[in-house]
2 protein chains.
Amino acid sequence: MEEVSIQFAKDVLKSRGLKQTSTRVALISNIHNYAAAMPYTALQKSLEADRTTIYRTLNTLMDECIIHKAKEKGNETYYAVCGNECTSHKHSHNHIHFQCTVCKKVTCETLINEIHLELAKHHIESVEINVNGVCDECR
Amino acid sequence: MEEVSIQFAKDVLKSRGLKQTSTRVALISNIHNYAAAMPYTALQKSLEADRTTIYRTLNTLMDECIIHKAKEKGNETYYAVCGNECTSHKHSHNHIHFQCTVCKKVTCETLINEIHLELAKHHIESVEINVNGVCDECR
DNA sequence: ATTTTAAATGCAACAACGTTGCATTTAAAA
DNA sequence: TTTTAAATGCAACGTTGTTGCATTTAAAAT
């Protein structure tokens, strides 16, 4: 289980040509291993690295499209690993972000149906959808 | 122009049974008078009140559904006045939030078409949509 | 295997955000 | 005009996010 996440972390760092430092491997594998999108506070607790290093590492990994912010609301930011659709230079997410109002878990979910937004007089470049509700486990 | 916003502020405070303090009237009328959703920093600059008072007033007005956060991303939070659909106890927004990537303005926009989201195994309670693009003036 | 070097890290410091406690002021009711 | 409950200002605190700089480390060069 955990070894899979560690291997995933090493592979993705290699594929992006990034140094395989212990903080980076730990950070990626911890997010990858987490059941849902990982809150920053949990991430910080799970690592021994300095707070500054964590912030810098998170930014590096987001720039390289290895992870993305799944939710940024109020005080807590949630991070999730990007899927294969994200290249090294461009995030491309066709999922939405769901937060369960009971267990508070944030997850990336795929819509069953296709949706198309139309706005008058505005050119749409990107759409971000956040949904609140109750997840399967909490019903 | 400005008198309209001041009158609007007084009316809405009265309708909610809130004290008409100078800070509240100024805060509501400034947001109401602003061309788009108002960034917190601009809001703070436009008022003489203490930072604490501004935060407490913003929270009070959000609790009473007089204003709402139009965007909360990165460092800056944007506030906008609620429409008539919001009652004193429940926010009810059928608009989306749009940010122009050129002029950075955040606005509340209504979708031309109706959309319906479908998620497997999840009960949907509320949906929040943020769109980035180019507004009419910047094209 | 050792040296080199460019990048990553840790530490200190800082600014801003958001919140709480408490004394003072103020709007609105009595 | 007095009363009183609420709103405000001030001080303080914890957290977030960022920058500069010295030190350490991963990976390339020798």
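Before we start: helix axes at angles under 35 degrees count as roughly parallel, over 145 as roughly antiparallel, 65 to 115 as roughly perpendicular, and the rest as oblique. Keep in mind that this is a predicted model.

**Exercise 1. Find how helix H1 (residues 2-15) and helix H2 (residues 22-33) of chain A sit relative to each other.**

Step 1. Start with the axes: those of H1(A) and H2(A) come within 8 Å and cross at roughly 125°.

Step 2. Now name the arrangement. Roughly 125° is in none of the named ranges, so H1(A) and H2(A) are oblique to each other.

Step 3. Add the hand: H1(A) and H2(A) make a right-handed crossing.

Step 4. Look at who touches whom. H1(A) brings A:Glu2, A:Ser5, A:Ile6, A:Phe8, A:Ala9, A:Lys10, A:Val12 and A:Leu13, while H2(A) brings A:Arg24, A:Val25, A:Ile28, A:Ser29, A:His32 and A:Asn33.

Step 5. Sort these contact residues by class, and you get seven nonpolar, four polar and three charged.

**Exercise 2. Do the same for H2(B) and H4(B).**

Step 1. The axes of H2(B) and H4(B) come within 10 Å and cross at roughly 70°.

Step 2. That angle falls in the range from 65 to 115, so H2(B) and H4(B) are roughly perpendicular to each other.

Step 3. The crossing of H2(B) past H4(B) is right-handed.

Step 4. On the H2(B) side, the contact uses B:Thr23, B:Arg24, B:Leu27 and B:Ile28; on the H4(B) side, it uses B:Thr53, B:Thr57 and B:Leu61.

Step 5. Here the classes come out as three nonpolar, three polar and one charged.

Step 6. A bit of background helps when you look at such lists: an α-helix has 3.6 residues a turn, so residues three or four places apart point the same way.

**Exercise 3. Check the span of H4(A), then look just past its end.**

Step 1. Count the residues of H4(A): there are 13.

Step 2. From its first C-alpha to its last, H4(A) reaches 18 Å, close to the 18 Å expected at 1.5 Å a residue.

Step 3. Just after H4(A), find A:Cys65, which has a positive phi of about 60°.

**Exercise 4. Which residues come nearest to DNA strand C, and which to DNA strand D?**

Step 1. Take strand C. Of the 21 residues around it, A:Thr21, A:Thr23, A:Ala49, A:Thr53 and B:Gln20 come nearest.

Step 2. Ask which helices help. H2 and H4 of chain A, along with helix H3 (40-45) and H4 of chain B, each supply at least two residues of the surface near strand C. H4(A) has the largest share, with four residues.

Step 3. Sort the surface near strand C by class: four nonpolar, 12 polar and five charged.

Step 4. Turn to strand D. Among the 21 residues around it, the nearest are A:Gln20, B:Thr21, B:Thr23, B:Ala49 and B:Thr53.

Step 5. Helix H3 (40-46) and helix H4 (51-63) of chain A, plus helix H2 (22-33) and helix H4 (51-63) of chain B, each give at least two residues to the surface near strand D. H4(B) gives the most, with four residues.

Step 6. The classes near strand D are four nonpolar, 12 polar and five charged.

**Exercise 5. Describe the side of chain B that touches chain A.**

Step 1. Count first: the contact takes 30 residues from chain B and 30 residues from chain A.

Step 2. On chain B, strand S2 (67-73) and strand S6 (123-134) are the elements giving two or more residues. S6(B) gives the most, with 12 residues.

Step 3. Finish with the classes on this side of chain B: 13 nonpolar, eight polar and nine charged residues.

Key: Residues are numbered from 1 along each chain as its sequence is written. Chains are lettered from A and ligands numbered from 1 in the order in which they are written. This is a predicted model: local features need pLDDT of at least 70, side-chain atom pairs count only at pLDDT 80 or more; totals for chains, interfaces and linings use all residues. A residue is near a molecule or strand if its C-beta atom, placed from the backbone, lies within 6 Å of it. Ala, Val, Leu, Ile, Met, Phe, Trp, Tyr, Cys and Pro count as nonpolar, Asp, Glu, Lys and Arg as charged, and the others, Gly among them, as polar. Axes are lines fitted to C-alpha atoms, for helices over the stretch in contact, and angles run from 0 to 180 degrees between N-to-C directions. A crossing is left-handed if the near helix is turned anticlockwise from the far one by less than a right angle, and right-handed if clockwise. Two residues are in contact if their C-beta atoms, placed from the backbone, lie within 7 Å. The expected span of a helix is 1.5 Å times one less than its number of residues.
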